[in-house]
There are 2 protein chains.
Amino acid sequence: MLDDRKLAVLRAIVEDYVSTNEPVGSKSLVDRHNLDVSPATIRNDMAVLEEQGYIVQPHTSAGRVPTDLGYRLFVDRLSGVKPFSPAERRAIETFLAGAYDLDDVVMRTVRLLAQLTRQVAVVQYPSLTRSAVRHVEIVPLGDRRVLLVLITDTGRVEQRTVELPGPIGDDAITQLRAVLNACLDGRKLADVASVVADLPERVSPAERPNAAAVFSVLVETLVERHDERVVVGGAANLTAADFSRGLHEVLEALEEQVVLMRLLGESGDQAAVTVRIGSENEVHGLRSTSMVTTGYGAGEQVLARLGVLGPTRMDYPTAMGAVRAVARYVGQILAES
Amino acid sequence: MLDDRKLAVLRAIVEDYVSTNEPVGSKSLVDRHNLDVSPATIRNDMAVLEEQGYIVQPHTSAGRVPTDLGYRLFVDRLSGVKPFSPAERRAIETFLAGAYDLDDVVMRTVRLLAQLTRQVAVVQYPSLTRSAVRHVEIVPLGDRRVLLVLITDTGRVEQRTVELPGPIGDDAITQLRAVLNACLDGRKLADVASVVADLPERVSPAERPNAAAVFSVLVETLVERHDERVVVGGAANLTAADFSRGLHEVLEALEEQVVLMRLLGESGDQAAVTVRIGSENEVHGLRSTSMVTTGYGAGEQVLARLGVLGPTRMDYPTAMGAVRAVARYVGQILAES
DNA sequence: ACTTGGCACTCAGGGTGGGGGAGTGCCAGG
DNA sequence: CCTGGCACTCCCCCACCCTGAGTGCCAAGT
């Protein structure tokens, strides 16, 4: 269907268009790449590529521009992931190494990704449900009120205040704390709900109403409120790629946590680098953007996703390289802590 | 210097320009507002206003546009703060009431402000140093490592992991926790540093090295790292006001926590609504934007600031009204929790 | 069967050149 | 001090042309 030269032509078109942002014509193609054929030949190839839907011309007698389909083919078969040089790797490492805190890791990661790719960076907080309980803490705030703090092995801390049905004493709190930690320590968060169901039996009858309140908030925190937050950075980079009027829509989409979650979710759970191009994104308003994402986590398991978002006219190999490299190091940092 | 009518003319110019985004001429002024004089008279007034630097014409034979100085006069003497209707107040209240968490309060506030004003909203987290310790918690993470959690009376939770010089046992942790809470509970964070200095005497000698490590991290958290975070929302609203090329600079400034902090800091510590217009902002890149900010907090004390940022061509009375109303309700929520 | 040079054709973009119109400054008279 | 009148100034819009890059097609060459 498409012989080698036609593929080479497509690759050249994508590369040129990405770097110049102008429709690329047959003549400039043969000049810049050393395809040793004449422009006329290229024109014939282009006609075929256009017929197949890989490229289009914005108007008659203009050069060609890749379609989403064209980029897709490019990403799948014509380009690899651009590996990072040792120097770059070291830079990433030192940039992330200074972080002292999960929040800080995430913030640094966003900045780093945005800077490396000159695109918008998107980082999802490590998922709560896939990690395990490291500690549960209960702190009295008043006689009918406690603060529940949950610490996970990925360093995340969740807090909720709990309004109690009745007054609670220090002893009861100590008991509750002991029971919770004894039963939950080290458990996967996904399993916590079922474990908690059995807990009321373990506390003294008088305290059960209060305990029940605490337990239900705890379960809520884990299950019902799986608000895995997404942090965005480098939005200023959007102004470089001229979306003209679409910029507004893109910015709006980026402010919606829900939209971002869906966007990251669409790429599934795979650890590998995934690319979604233009109209492949279900989210309206991001139809002219592409996302390069990957899973990351401590060790093997995928705890969350991160990636970059930019115009479909994007340097995919570099973006994929950056995303992969950063994910790798973030995983490393999480595993260490 | 400026008689009443000239001031009225300036007010009218500002109002018209804000609502139409087009230079306003003498004729349309007399039409839209009922100044019962002729256009020629207005022209004379405008000439004076221009000479004094309150308005300019973009080019000969165009209408007039307010200068930063003009807006300043408008804000200081010609307009009040637009009060909110009871219905609007109720809407604010219910929107904020659902929050369950300090993070959530801040996030909702940002969204609310952005939506009410159709500008970029900026909310600073309640300052650590001005609030008081509610509880300190220490959680073992390993034999040479603990997690230090600090809970303030504004509901903020700070966490840091501490690497210890030597192994630590459960007893030691319990002791440390007791000492810390006994001495720090209820203290203003600003005072904590001095109190902590005396603490080592209170722990058993064998544990002093570990205790010292914990204490120093604690003090660091409070003092050295006064990273009062700022949350931004509604950036999409910037696309409505056409900054043409300046948009990039504005977006960049908004991503720099440091810049935002400085910006909010410039308005001082006053609780009242403050306006900084265009070139009054020291931050480069925000020379063509205005900020409307106010302090907020639980009760009287100002814990942090919040506000909106937009083009100098902004509806100041409404923005000021929104900022004031929102700050009031946020303060209320913080006081309750 | 593919490649190539030639050729006519098509348009987007940029520069030019008037009007039209909104707005101004000034002046003389109320 | 206000007002109507008047001449003047430019911005903006539109219509026009023209150039140049790029194309599709065809006939000839390999």
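Start by selecting chains A and B together and looking at where they touch: 22 residues of chain A and 22 residues of chain B take part in the contact, a contact being two residues whose C-beta atoms, placed from the backbone, lie within 7 Å. This is a predicted model, in which local features need pLDDT of at least 70 and side-chain atom pairs count only at pLDDT 80 or more, while totals for chains, interfaces and linings use all residues. For your selections, residues are numbered from 1 along each chain as its sequence is written, and chains are lettered from A and ligands numbered from 1 in the order in which they are written.

On the chain A side, colour β4 (133–142), β5 (145–152), β6 (157–163) and α10 (246–255); each supplies at least two residues of the side that touches chain B. These labels follow DSSP runs numbered from the N terminus, with helices (H or I) of at least four residues and strands (E) of at least two. By class, the side of chain A that touches chain B has 11 nonpolar, 5 polar and 6 charged residues. Here Ala, Val, Leu, Ile, Met, Phe, Trp, Tyr, Cys and Pro count as nonpolar, Asp, Glu, Lys and Arg as charged, and the others, Gly among them, as polar.

**Next stop: the DNA**

Select DNA strand C and show what surrounds it. You should find 22 residues, the closest being A:V37, A:S38, A:S61, B:G25 and B:S26; a residue is near a strand if its C-beta atom, placed from the backbone, lies within 6 Å of it. Two or more residues of this surface come from each of α3 (39–51) of chain A and, in chain B, α2 (26–32) and α3 (39–51). Of these, α3(B) gives the most, with 4 residues. The surface near DNA strand C is made up of 7 nonpolar, 12 polar and 3 charged residues.

Now switch to DNA strand D. Which residues are closest to DNA strand D? They are A:G25, A:S26, B:V37, B:S38 and B:S61, out of 22 that surround the strand. α2 (26–32) and α3 of chain A, together with α3 of chain B, each supply at least two residues here, and α3(A) gives the most, with 4 residues. The classes for the surface near DNA strand D are 7 nonpolar, 12 polar and 3 charged.

**Helix α12 of chain A and its partners**

Select residues 316–336 of chain A, which form α12, along with α6 (residues 102–117). Their axes are 10 Å apart and the packing angle is about 160°, which means that α6(A) is roughly antiparallel to α12(A). Axes are lines fitted to C-alpha atoms, for helices over the stretch in contact, and angles run from 0 to 180 degrees between N-to-C directions. Angles under 35 degrees count as roughly parallel, over 145 as roughly antiparallel, 65 to 115 as roughly perpendicular and the rest as oblique.

The crossing of α6(A) and α12(A) is right-handed; a crossing is right-handed if the near helix is turned clockwise from the far one by less than a right angle, and left-handed if anticlockwise. To see the contact, show A:V105, A:T109, A:L112, A:L113, A:L116 and A:T117 of α6(A) with A:T318, A:A319, A:A322, A:V326, A:V330 and A:I333 of α12(A). The residues of this contact are 9 nonpolar, 3 polar and no charged.

Keep α12(A) and add α5 (residues 86–97) of chain A: the axes are again 10 Å apart, at an angle of about 40°, so α5(A) is oblique to α12(A). This crossing is right-handed too. Show A:R89, A:I92, A:E93 and A:L96 of α5(A), which meet A:A325, A:V326, A:Y329, A:V330 and A:I333 of α12(A). This contact has 7 nonpolar, no polar and 2 charged residues.

**Single residues to finish**

Centre on A:L10, in helix α1 (residues 4–20) of chain A. Is A:L10 buried or exposed? A:L10 is buried because it has 25 C-beta neighbours inside 10 Å; 20 or more other C-beta atoms within 10 Å make a residue buried, 12 or fewer exposed, and numbers in between partly exposed, with C-beta atoms placed from the backbone. Leaving aside neighbours within four places in sequence, A:L10 is in contact with A:L49, A:Y54, A:G70, A:L73, A:F74 and A:L78.

Then jump to A:D170, in helix α7 (residues 170–184) of chain A. A:D170 has 8 C-beta neighbours inside 10 Å and therefore counts as exposed.

Last, select A:N21, in the loop between α1 and α2 of chain A. Its phi is near 65°, a positive value in a residue other than glycine.
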